[in-house]
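Subject: The structure we talked about

Hi,

Here is the structure I promised to pass on to you. Open it in your viewer and keep it next to this email while you read.

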Amino acid sequence: MVAVIESVTQSRKSPTAKFGEGFTYDTWWFAALSADLKPGALQRYELLGEPVLLGRNRAGEVYALRDVCPHRAAPLSAGRLVREPDGRETVECPYHGWRFGADGACAAIPSLVEDQNFPVEKVKVRRYPVAESQGLVFVWMASDPRNPSEPDHPAPTFEGVVGGRPKMVERMDFDAHIDHAVVGLMDPAHGPYVHQQWWWRSKHSQHEKAKRFEPREMGFAMARHAPSKNSRAYKILGGAPATEITFRLPGLRWEHIQVGARQVLGLTCLTAVNEKKTRITQIFWSDHPIVGAIMPLFRIGARAFLKQDGDMVNLQNEGLKYDPALLWIDDADKQAKWYQALKKEWAASRAEGRPFKNPVEPTTLRWKS
């Protein structure tokens, strides 16, 4: 008799890893759009340094498995979806045909002959819980791969997913750890220097800002307010736009704009691919009639923003390779400080088996940009 065989990763780094190292576990990570996963197809992703197979069976259900066959380590995503005699669908490894169900259990090892008493049912690959809602697919990444936790809170949902399918989806990979990608995204002071477009703002158009912030579930929000006067793009929406910008662990930032009864939602999902790469996915929904008309121009602007941020990340990497100490100031860097405090408290609450206590207190932050 052999012991249970399971394809797993090695133990995690300390939950108190310093800034720019490690990941946030025991929560939901954005992985893909629902439209990305076609019935019967097998797709390989890398999440938090782990190879993940995402698939959708022919009944429409999404599943996720560790994309390594425990036999000879071939990627299961290079195989195919097959149907067992009992009607179940399984993933067949392309190397030796070992087959695994959506629960990770091995269903068959074709090379075995009838009198060989090998416990096929004890061979497993890791299964990841998956949640699909609002056209988004989230994967639960547990801290202990040998004794993985099951989800104890739902995947996030977002106010403002209106107007049917997304009006725009843009993706880009940044050569940066997710910590640097997140604080770069929420940094309010870089805009006039990194993002200088005539239709947005200029380096010479800077004003003092004062914004009210409040704690939110697993994060915080810049409370609803009128956009800054030097942000010209909002003017095309007409009326009196009011916007709220929210951040939530592990890497979700969204801006919800209301113009009367109309809405615009811009969701940015930051997904840790590995220690040195972060995927940025920007998704926009709206039921505002002007948004559809301007979307081709808006897409150009969004791509320009992402490229500018990506170029700055590459430039920043020239300094980060020397592992310098980083200087954080109030109030412009307060959101970055909150992010680090949120990560630390989340890891501590999970390790200690207690409820999460949001460290963010309501306050008004002031800066110039």
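Start with His-177: its side chain reaches the backbone oxygen of Gly-22 at 2.8 Å. Keep in mind that this is a predicted model. To find His-177, look in the loop between strand 14 and helix 1. Is His-177 buried or exposed? Its relative accessible area is 4% and buried means under 20%, so His-177 counts as buried. Leaving aside neighbours within four places in sequence, His-177 is in contact with Gly-20, Glu-21, Gly-22 and Phe-23, and also with Glu-275, Lys-276 and Thr-278.

Now follow the chain into helix 1, which covers residues 178-186. Helix 1 lies across five strands, namely strand 16, strand 17, strand 18 (252-259), strand 19 (262-274) and strand 20 (277-286). Against strand 19, helix 1 runs at about 155 degrees.

Those strands belong to a sheet, so let's look at that next. It is an open sheet of 8 strands with antiparallel pairing, and the order is 14-20-19-18-17-16-15-21. Which strands stand at the edges? They are strand 14 (168-174) and strand 21 (363-368). Each of the two has a single partner strand, so one side of each is left without a neighbour in the sheet. On average, neighbouring strands of this sheet are turned by 20 degrees against each other, if you ignore direction.

Strand 20 is a nice one to zoom in on. It is mostly covered, with 8 of its 10 residues buried. On one side, 7 bridges join strand 20 to strand 14, and the two run antiparallel. Strand 20 also pairs with strand 19 in the antiparallel sense, over 10 bridges. Strand 19 and strand 20 form a hairpin, with 2 residues between them. Click on Thr-281 and you can see both pairings: Thr-281 is the bridge partner of Arg-171, and Thr-281 is also the bridge partner of Cys-269.

Further along the sheet, strand 15 (residues 208-216) and strand 16 (residues 219-225) pair in the antiparallel sense over 4 bridges. Here Pro-215 stands opposite Phe-220 in strand 16.

Next to look at is Phe-247, which is found in strand 17 (residues 242-248). At 4% relative accessibility, Phe-247 counts as buried. What does Phe-247 touch, not counting residues up to four places away in sequence? The list is Val-182, Met-186, Met-218, Gly-219, Phe-220, Leu-252, Arg-253, Tyr-339 and Leu-342. Phe-247 also shows how folding brings parts of a chain together: Arg-216 is 31 residues away in sequence, yet the two C-alpha atoms are 8.1 Å apart in space.

Phe-247 has one more role in this tour, as part of the lining of a cavity. Rolling a probe the size of a water molecule over the atoms shows where empty space is left. The structure holds 2 cavities of 30 Å³ or more, and about 50 Å³ of space lies in the largest cavity. Besides Phe-247, the lining of the largest cavity includes Met-186, Phe-213, Phe-220, Met-222, Ile-245, Thr-246, Arg-253 and Gln-335. Where does the largest share of this lining come from? It comes from strand 17, with 3 residues. Strand 16 and strand 17 each supply at least two residues of the lining.

Last stop: strand 13 (residues 136-141). Here 6 of the 6 residues are buried, so strand 13 is largely enclosed by the rest of the structure. Leu-136, Phe-138 and Trp-140 point one way from the strand, while Val-137, Val-139 and Met-141 point the other way.

Two strands pair with strand 13 as follows. Strand 2 (residues 27-33) is joined to strand 13 by 6 bridges, and the two run antiparallel; there, Leu-33 stands opposite Leu-136. Strand 12 (residues 130-133) pairs with strand 13 in the antiparallel sense over 4 bridges, and in this pair Glu-132 stands opposite Val-137. Strand 12 and strand 13 also form a hairpin with 2 residues between them. In that turn, Gln-134 has a positive phi of about 55 degrees.

That's the tour. Have fun clicking around!

Cheers

Conventions: Residues are numbered from 1 along each chain as its sequence is written. This is a predicted model: local features need pLDDT of at least 70, side-chain atom pairs count only at pLDDT 80 or more; totals for chains, interfaces and linings use all residues. Side-chain values use heavy atoms; hydrogens and water are left out. Buried means under 20% relative accessible area, exposed over 50%, partly exposed in between (1.4 Å probe, protein chains only). Contact means heavy atoms within 4.5 Å. Two strands pair if DSSP finds at least two bridges between them. Axes are lines fitted to C-alpha atoms, for helices over the stretch in contact, and angles run from 0 to 180 degrees between N-to-C directions. A polar contact is a pair of N or O atoms within 3.5 Å; within protein, one must be able to donate a hydrogen and the other to accept it, and residues adjacent in sequence count only if both atoms are side-chain atoms. On a 1 Å grid over the protein atoms alone, a cavity is a set of points where a 1.4 Å probe fits but cannot get out, and a pocket is an open set with protein on both sides within 12 Å along at least five of seven lines; lining residues have an atom within 4 Å of a point. Grid points are joined across faces, edges and corners, and a volume is the space filled by probe spheres set on the points.
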